[in-house]
Amino acid sequence: MSLLQLVEFERDEYCRFEDYGRYHKHLTRKLHTLRKGSTTSKTKTKVTSGPAWLLPVLSAERVWSAAMETKTAAGPHQVVLAKFRKAIKFAATTTTETNNVSALEKLERAVYVDYLTALLQQERSNLDLAIHFYARALVGLQVYNTAQQRQKNNAAVALTEAVETGLRYVLYTSQTVSERSLNLHAFAIEQVTTAVTEDAQADQTWRQLILSVDSEALTPTGTATCGDGTNDTSDTLVSQISWAGRTATLKQSHLAASISTALSGRATASRSRDSTDALDTVIAAWTSTLETLQPLLDAEEDQDAAQDLELIKAYAQFESGQDYLARDKRLITTLPAREGILVLDQTIARLTQAAGLPGVSKEQASLVSLQQTSAKAERCVLLSDVHGVSLAGIALLNKAITYLTNNRQDGNSDPHVTSEQQTQGSRLQALQQRLHRHIAEHTLALSGDAATDSGTVLDPAAWYTGTAKQLAKTDAKSLVAKSAGAKPIVLDIAWNYLSGAVEAGDATIQSTTAVRKEEPMEVDGAAAESEEQSTPGKSAKKGLFGSIFGR
């Protein structure tokens, strides 16, 4: 386990929910155990069962946790500054060992020292130096994570998030740039390559270390392709976008930065384990873009420039809608059904707005139409979950299946449309299986109640032998066609919910009793009406005499 991986593991395991006191006690016990099994000389203590940097790093983490605990309890204090300095002193001892140490190991030690130094400068309110060391730590982490991915090892994700959060906070506090519309990695590379500090020799040594691991780390590479919904960007700023067959140049640097942040964040979200949080960052960047655009549109007097801004606005609205949809799909799986319905209502409204944007291509319109119908189907599924295994729940599931069945667009070769159709096809099969299971469960539940009215006890096992789990896997058509002693009652109950067999004209499934069939249930998208309608023109006689003479 490398140095940064050890820090990552220890913090994730023992410093959850910012419980610095627990982390401090854990490290104290661990250091005591390590020192008991180490050899001590006049100059230093050497661990016999671990790397040479183990004791200094754990000691630095222990002092860091004490500093953070003091800061949380008492706020800024001289004791906090002293503890940060002591943590840096422990961490710096790991950089003095150069024998048999690879460039990657030197880099992770330098990253750890830069991170602690940035915390100290931030605590001292020396924001310019804090920005510089945060930028160095972020670039170093990016190079380190790239090297780890090449070796198929775990990256330092949590430490990267801590560095990014610290850098954003310091930038926002110092009002150096707009915190919401910044591509952090591009800014960090620019900072470490152009900024001049008092210790120029140390900066030069750090650059050489970075280049020894990755020769292209300090040079932004890659191109940004925009306008087709398949943006995959690197840390370079987007200079122009394409929409409705036209190209618009991003003349405002802050506008280009916010769009670049959104596009690069989208690529990061596709690889992130917690993609919901990553997509929230992307959505915040799109929101910043739209907020920046409106004042520019209001102040622009040149007609051509105003048309370019309108084109950029339509592009940003469409792309933000796609990211909202991706975020909502992941979010709904973690929410209760009722809250998920509210989220889907907003999703459907956004897709309706996206379909009406000026300049939407035929392929994009087809994709939005598929997504809109899919969202409506998922809304019916959530409503069905609210109603449970009941007439309303079965009708809502049937409505969702109808949405997905009719949502086919043959002949469209767009890859995004094809991918969406394949996803909906898999979802359709799952919903059909769920519908069969709900029909079976509801039929079994009602069979005993229906038989009780005639004074007999109806056991479902009399017409179907098997467990409920096996019954759920049985097709509904073959279920009601089974011959058994109790078939007439069960058949007529189940027949009312099999509208698909009636519409298909299946002659093999016929009712064998004269029991009146209920009309198909109507679903308005919010609830299912399952009550029987009374016969027109006839009114039931009420009262005592009506109940006596009405018979």
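Strand 3 (residues 240–243) and strand 4 (residues 246–249) pair in the antiparallel sense, with four bridges between them. Pairing here asks for at least two bridges found by DSSP between two strands. Helices and strands are DSSP runs numbered from the N terminus: H or I with at least four residues for a helix, E with at least two for a strand.

This is a predicted model, in which local features need pLDDT of at least 70 and side-chain atom pairs count only at pLDDT 80 or more, while totals for chains, interfaces and linings use all residues. Residues are numbered from 1 along each chain as its sequence is written, and side-chain values use heavy atoms, with hydrogens and water left out.

Back to the strands. Together, strand 3 and strand 4 make a hairpin with two residues between them. In the turn sits A244, with a positive phi of about 55°. Across the pair, Q240 stands opposite T249 of strand 4, and I241 stands opposite A248 of strand 4.

Which residues of strand 3 are buried? I241 and W243 are, and they point to one face, while Q240 and S242 point to the other and are not buried. Buried means under 20% relative accessible area, exposed means over 50%, and partly exposed is in between, using a 1.4 Å probe and protein chains only. In a regular strand, side chains alternate between the two faces of the sheet.

Now for the helices. Two packed helices are described by the angle between their axes and the distance between the axes. The axes are lines fitted to C-alpha atoms, for helices over the stretch in contact, and angles between N-to-C directions run from 0 to 180 degrees. Here are three pairs.

| Helix pair | Axes come within | Crossing angle |
|---|---|---|
| Helix 2 (residues 20–36) and helix 3 (residues 54–74) | 9 Å | roughly 155° |
| Helix 5 (residues 103–123) and helix 9 (residues 200–213) | 9 Å | roughly 135° |
| Helix 14 (residues 362–387) and helix 15 (residues 391–405) | 8 Å | roughly 165° |

Angles under 35 degrees count as roughly parallel, over 145 as roughly antiparallel, 65 to 115 as roughly perpendicular, and the rest as oblique. A crossing is left-handed if the near helix is turned anticlockwise from the far one by less than a right angle, and right-handed if clockwise.

Take helix 2 and helix 3. Their angle is roughly 155°, so they are roughly antiparallel to each other. Helix 2 passes helix 3 in a left-handed crossing. Among the residues making this contact (heavy atoms within 4.5 Å) are Y20, H24, L27 and L31 of helix 2 and L58, R62, W64 and M68 of helix 3. By class, the contact of helix 2 with helix 3 has 11 nonpolar, six polar and five charged residues. For these classes, Ala, Val, Leu, Ile, Met, Phe, Trp, Tyr, Cys and Pro are nonpolar, Asp, Glu, Lys and Arg are charged, and the others, Gly among them, are polar.

Leading into helix 2 is the loop from helix 1 (3–14), where F17 is found. F17 isn't a glycine, yet it has a positive phi of about 55°. E18 lies in the loop between helix 1 and helix 2 as well, and its phi is near 55°, again a positive value in a residue other than glycine. Most residues other than glycine have a negative phi. Are these two buried or exposed? F17 counts as exposed at 82% relative accessibility, and E18 counts as exposed at 60%.

Next come helix 5 and helix 9, which are oblique to each other. Helix 5 passes helix 9 in a left-handed crossing. On the helix 5 side A103, L104, K106, L107, A110 and D114 take part, meeting W206, L209, I210, S212 and V213 in helix 9. The residues of this contact divide into eight nonpolar, one polar and two charged.

The last pair is helix 14 and helix 15, with axes that come within 8 Å. Helix 14 is roughly antiparallel to helix 15, and it passes helix 15 in a left-handed crossing. Their contact includes C380, V381, L383 and S384 of helix 14 and G393, L396, L397 and Y403 of helix 15. The split here is 10 nonpolar, five polar and two charged.

S384 has its place in helix 14 and is buried, with a relative accessible area of 1%. Leaving out residues up to four places away in sequence, S384 touches G393, L396, L397 and H438.

Finally, A440 lies in helix 16 (residues 415–453) and counts as buried at 2% relative accessibility. A440 and V389 are 51 residues apart in sequence, and 9.7 Å apart in space from C-alpha to C-alpha.
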